[in-house]
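Subject: Structure handover

Hello,

Please find the structure below. My notes on what was found follow it.

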Amino acid sequence: MPVPHIQVILGTTRPGRFSHKVGAWLVDRMEQRDDLTVELVDLRDHPLPIYELDVAPARAGREYETPEVRRFGEVLDRADGYVMVTGEYNHGYSSSLKNAIDHVFPELHRKPVTFAAYGQVGGARAVEQLRQVVVELEMAPLRHAVHILPNVLIPARQQDPFTIEAFAELDPRLTTALDDLVWWAAALDAARAAG
């Protein structure tokens with residue numbers, strides 16, 4: 001297998017979001033590695049209808065309801081693994097991320113995912129909920145994730161101009177998560193290829 005292609009999915013779309021700062025840091029650090037390629041997937045670039053399908057994507061396969069959902073599915077199909085970025089809102093993850101992943105299934109099926117989350121408790125509750133959801137998609141949620149606590153979140157949010165070095169103290173945690181993600185991406189790619 002060539003090096004795995006990993007997508008960083010920005011799971012928030014609201015004005016004033018913080019996720020694009022996290023995404024910039026992730027992409028920067030991932031581009032410095034030679035054991036993966038990286039692509040940023042911004043949900044702002046994929047306006048999707050509210051999920052209201054009669055048939056769940058797990059049963060419908062790649063029969064898409066709209067061209068926008070088809071394009072989103074085709075983008076996700078390119079990846080061997082994912083880093084989902086989300087804030088924590090009311091003890092949960094973003095509704096835009098939930099809506100997006102509800103529209104797809106075959107694209108994510110049997111691929112690994114880790115998380116970069118932020119909030120009062122580092123987005124831990126959002127990540128715990130996401131882990132339960134991605135298991136239903138038959139993804140492999142990984143143990144290691146990046147949790148951005150207020151001691152990093154608040155200064156990074158207030159920094160003007162912003163620099164990705166605001167997250168530098170989290171680099172070791174990210175390295176651990178990415179090492180794990182690369183291993184699982186290669187293992188699951190081989191398993192999928194073997195049928």
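Buried here means under 20% relative accessible area, exposed over 50%, and partly exposed in between (1.4 Å probe, protein chains only). By that definition, both Trp25 and Phe167 are buried.

This is a predicted model: local features need pLDDT of at least 70 and side-chain atom pairs count only at pLDDT 80 or more, while totals for chains, interfaces and linings use all residues. Residues are numbered from 1 along each chain as its sequence is written, and side-chain values use heavy atoms, leaving out hydrogens and water.

Aromatic rings. There are five aromatic pairs in the structure (rings of Phe, Tyr and Trp, the last by its six-membered ring, with centres within 6.5 Å; planes under 30 degrees apart are stacked, over 60 edge-to-face, the rest tilted). One of them is the tilted pair of Trp25 and Phe167, at 5.3 Å centre to centre with 35° between the planes. This pair links distant parts of the chain, 142 residues apart: Trp25 is in helix α1, and Phe167 is in the loop between α6 (150-158) and α7 (171-194). Helices are DSSP runs of H or I of at least four residues, numbered from the N terminus. Trp25 and Phe167 also belong to one aromatic cluster with Phe18, Tyr118 and Phe162.

Arg29. Helix α1 (residues 19-31) also holds Arg29, which is buried at a relative accessible area of 12%. Beyond its neighbours within four places in sequence, Arg29 has contacts (heavy atoms within 4.5 Å) with Ile164, Glu165, Ala168, Asp171 and Leu174.

Regards

Methods. Helix = DSSP H or I, 4+ residues; strand = E, 2+ residues; numbered from the N terminus.
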